[in-house]
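Here's a quick briefing to read alongside the model. Take a look at the cysteines, the cores and the domains.

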Number of protein chains: 2
Amino acid sequence: MDQDNSENGREDAPVLPSCEDEHGGIIVELKEPMDPTEFSLLLKSSLSQWKLQGKKGVWIKLPIKLVILVEAAVKQGFVYHHAEPHYLMLVKWIHETPSTIPANATHRLRIGAIVLNDKRELLVVLEKHGRFKGTGIWKIPTGMVEEGEDIFVGATREVKEETGVDSEFIDVLAFRQMHKTFYQKSDLFFLCTLKPLSFEIQIQESEIDGAQWMPIAEYAAQPFAEQHYVFKYAADICIAKLESGYTGFTPRPTTSFLSHNPSYLYVNELLTLPISH
Amino acid sequence: MDQDNSENGREDAPVLPSCEDEHGGIIVELKEPMDPTEFSLLLKSSLSQWKLQGKKGVWIKLPIKLVILVEAAVKQGFVYHHAEPHYLMLVKWIHETPSTIPANATHRLRIGAIVLNDKRELLVVLEKHGRFKGTGIWKIPTGMVEEGEDIFVGATREVKEETGVDSEFIDVLAFRQMHKTFYQKSDLFFLCTLKPLSFEIQIQESEIDGAQWMPIAEYAAQPFAEQHYVFKYAADICIAKLESGYTGFTPRPTTSFLSHNPSYLYVNELLTLPISH
C-alpha cells in the first residue's frame, strides 16, 4: 500500500470495502480478519477519499471476533454508536455540516397481560425468579418484547410461554414510562388485554412456579407493594373497561408499498376511520 | 502479581475494583488507564474469585479512552452488552444457572405534536432537512424523545424548539411501532395533542424553513406520500377527538417512596380512579 496515496486522498488509493447509505454516508462491514496495521492504513486512506467525495457519516460494524481492530478505529476519531452481544458499531462524522448521526435506542419494551375469562377470572402466575420470588403474590404474566417484535405479538407469546394458554390480543389499556431501569436506559411497560382462546394451563417450569384462573376481586385484594402498583391498577382499569366504557388502543395494520411488512398504529378502538392504504 | 493465586481463586488474590449489583452480579467500572497485560491477569484472578463467591453476571464498563483493554475482556469470554458514544459495556455470565442478563434497549421514541388553536388551526412547519426537505409539505412538529426524558416533556420541548410556541400536553392520541428503522432497532412514534399557551411563532433557523397556523382541512388536503400516512391520519384522529368522543391516553404521575421522581402512567382520560399513592 502506498502511504502517499493515503495521505493525499488520491482517487486511486485503496479503500476499505464499503457501501453507501441513504443519507450520504458510508458503511464498512468487516467480516474477515485483517491485520490491525493494515486496517489502520486502509482506514486512513479511505477517510481521505470519502472526505473528498463529500461523504458525511462513516459507520464501521465490527463483529466481536475482530475486536483487535476496535482500537485502530478509535484512534482515528471514531466513537461507539451501539453494540449488541456479537458486534460493535462505530461511527465518525467527516462532513463540515453539523452531525445528524441518529440517536441510539433508549427504551426496552415490556408487556403485562390481562387475560380474563367469561367468569371474570384472571390468568395469574407465581414467578420463580425476580422481585416476586417467594412473595406468594399472584401476578399477571409479564415479559420483555423481543427485538423486532410487535407489542401485540409479544403479549400473546408471553402468555403462551408462561401458561400454555392461547389468546387473542384485544388492546393496550395503558402504558408506563420508567427511567434508569438499567444504567441510563428506560422501560416502557404496556398493559394489555387479551381474550383467552384456550383455558387449560401448562406452566413454563423454568420461570413459573404456578398459574391459575383467579377471581379478579381476589387478585386485586393482594398486598401489592408500592413498586408494584401497576399490578393493582391492572384490576381497576380492567374493571373500568368492563363496566365504565374505558377504551384502550387497538393495533391496526398500516400497509405501504415501501415495506413488505405492515407496521401497526395503535388507536382508540372507537375510531371508525380506515387506517390503511 | 502471583499467577498461582489467580489460577486457584484464592481469597487473598488481588481483584479488580468493583461493586455488587442487586442481582448477585459484579460491576467493574474502570476509569484510569491500566496496562492491558496487568488488566488481563487481574481480570482472570477476579473472575476465579467471583465464581467461588457464587456471583452471576460480571459487567465491565470501559470508557472509550480505555479502548486498549477491550480485547483482553473479550479474550476472557466477555461479550458486548451495549455502547454509548463514550463507553462500552461488556458482560459475562459466570454462574451455572441460566443467564438472566437483561436485554439491550431496542426502541427509540419519537413524538409528533398536534397543536390546535381555537380557530381550528394547526401549528405546522416546513422542515429544512430530512425526507420532507424541498417537498413543500407542511407537517406537524416532530422530534426524538431524549434519553431519560418523559414523552410529554419531549413533546412540549420539541414544539417550543421548532416554533417558539409554549404548550401544555394533553394526551397521546395513538402510537405506531416500526421495525428496522436503523439497523435492527425499532421506533415508537407517539402522536400527541397539546394545547397552545402562546401563539407567536419564532422558528428554529437551523432545522425549520417556516412555521404557521394552518386550517386543519388545508393541512389534511396536502399530498402526503404513502410513507407519511401518519401525518394524514393525524388530522383524521384529531377531528375524531373534537367531534366523535375519541379519547387518548393522558399521563398521570405515580409517586412511590422508592424513587425521587414520579414515573408516568398513560391511561384513558375517562378513568376516574386515583392513580397515585
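Over all chains, the structure holds zero disulfides (a disulfide being a pair of cysteine sulfur atoms within 2.5 Å). Keep in mind that this is a predicted model, where local features need pLDDT of at least 70, side-chain atom pairs count only at pLDDT 80 or more, and totals for chains, interfaces and linings use all residues. Residues are numbered from 1 along each chain as its sequence is written, chains are lettered from A and ligands numbered from 1 in the order in which they are written, and side-chain values use heavy atoms, with hydrogens and water left out.

**Cysteines**
- Cys192(A) has its closest cysteine sulfur in Cys238(A), 12 Å off, so that pair is too far apart for a bond.
- Cys192(A) is buried, at 0% relative accessible area; buried means under 20%, exposed over 50% and partly exposed in between, with a 1.4 Å probe and protein chains only.
- Cys238(A) is buried too, at 3%.

**Nonpolar cores**
- A nonpolar core is a set of buried Ala, Val, Leu, Ile, Met, Phe, Trp, Tyr and Cys residues joined through side-chain atoms within 4.5 Å.
- The largest one has 102 residues, and those with the most contacts inside it are Phe175, Phe190 and Tyr219 of both chain A and chain B.
- Apart from that core lies another of 54 residues, including Val28(A), Leu43(A), Val28(B) and Ile64(B).
- Beyond its neighbours within four places in sequence, Phe190(A) is in contact (heavy atoms within 4.5 Å) with residues including Ile151(A), Phe175(A), Phe175(B) and Leu188(B).

**Domains**
- Chain A is assigned domain 1 (5–93) and domain 2 (107–251), with bounds from an automatic or database domain assignment.
- The C-alpha centres of these two domains of chain A lie 45 Å apart.
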